[in-house]
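Good morning, colleagues. I would ask you to have the sequence and the structure open while I speak; my subject today is aromatic rings and their surroundings.

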Amino acid sequence: MAKFPLLFTVLVLLGTVTVHAVLYDRPCRTDVPVVQNFELTRYLGKWYELQRYEQDFETNYDCAQAEYGLEDAASVSVRNSAFSLINETSQVALGSAKLSFPEQEIIQAKLNVSFFGAPNDRSNYWVIDTDYEHFSIVWSCEQLAEDRSNEGFWFLSRTRRFTDDLEANTRAFHAIRQYIDRTEIRFTNQLDERCPDF
């Protein structure tokens, strides 16, 4: 399957806007597994982003963090923060997430995440693997047309520098090798002394 370039430009009325995305000329994949018997309460708390596919809302931002807090048995609050090392500005996005299929007997790690009060009706945050204590591998896909999709990927860690734990490393990088396009990965700088602790 042909892959579109990571960076493409869109002409708008007043000029040219650069948009970042990982686009594919295929429907969203259905072969991506997720964690079974997902334990939402263990997933709560702060996560640091170590790698991602570049998306327009994160362009030129580093030091990215996500914090999840329990709202009720099937939903959480979301607070995403990031800092630009280029112009030293911060951005914070507040949202909510809920289990996509809470009625299933075996809870899958699929969530509907939305920001700024948008409808929360799309399963767009899939946890491919996590040990809850060290790492989480998150994948997302948005169907753009019948044969085109936009994928997202985030490698999250409980610490700014990834653990030396052998089992966590083995599991995390196995999932990345299996399901993530490594040519599209962008590394997130978490170690710059200017990175704030949101």
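K110 lies over the face of W126, at 4.0 Å from the ring centre. I should say at once that this is a predicted model. A further charge over a ring is found at W47, where the charged end of R158 sits 3.7 Å from the ring centre.

W47 also takes part in an aromatic cluster, together with F38, Y43, Y68, Y125 and Y132. In the protein chain, the count of aromatic pairs comes to 12. One of them joins Y43 and W47: the ring centres are 5.2 Å apart and the planes meet at 35°, so this pair is classed as tilted. Both Y43 and W47 are buried.

Let me turn to F162 and F173. How are the planes of this aromatic pair arranged? They are edge-to-face, with 85° between the planes and 6.0 Å from centre to centre. F162 belongs to the loop between strand 11 (148–157) and helix 2 (166–179), whereas F173 is in helix 2, so the pair ties together parts 11 residues apart in sequence. F162 has 14% relative accessibility and counts as buried, while F173, at 27%, is partly exposed.

Finally, the wider setting. The protein chain contains two helices and 12 strands, in the order β-β-β-α-β-β-β-β-β-β-β-β-α-β. Of its 198 residues, 49% are buried. The exposed area is about 10600 Å², with carbon and sulfur atoms supplying 53% of it. Among contacts between residues at least 6 apart in sequence, 56% join residues at least 24 apart.

Note on methods:
Residues are numbered from 1 along each chain as its sequence is written. This is a predicted model: local features need pLDDT of at least 70, side-chain atom pairs count only at pLDDT 80 or more; totals for chains, interfaces and linings use all residues. Side-chain values use heavy atoms; hydrogens and water are left out. Helices (H or I, at least four residues) and strands (E, at least two) are DSSP runs, numbered from the N terminus. Buried means under 20% relative accessible area, exposed over 50%, partly exposed in between (1.4 Å probe, protein chains only). Contact means heavy atoms within 4.5 Å. Accessible areas come from the Shrake-Rupley method with a 1.4 Å probe; for residues, only the protein chains shown count as cover. Rings of Phe, Tyr and Trp (its six-membered ring) pair if their centres lie within 6.5 Å; planes under 30 degrees apart count as stacked, over 60 as edge-to-face and the rest as tilted. A charge sits over a ring if NZ of Lys or CZ of Arg is within 6 Å of the ring centre and within 35 degrees of the ring normal.
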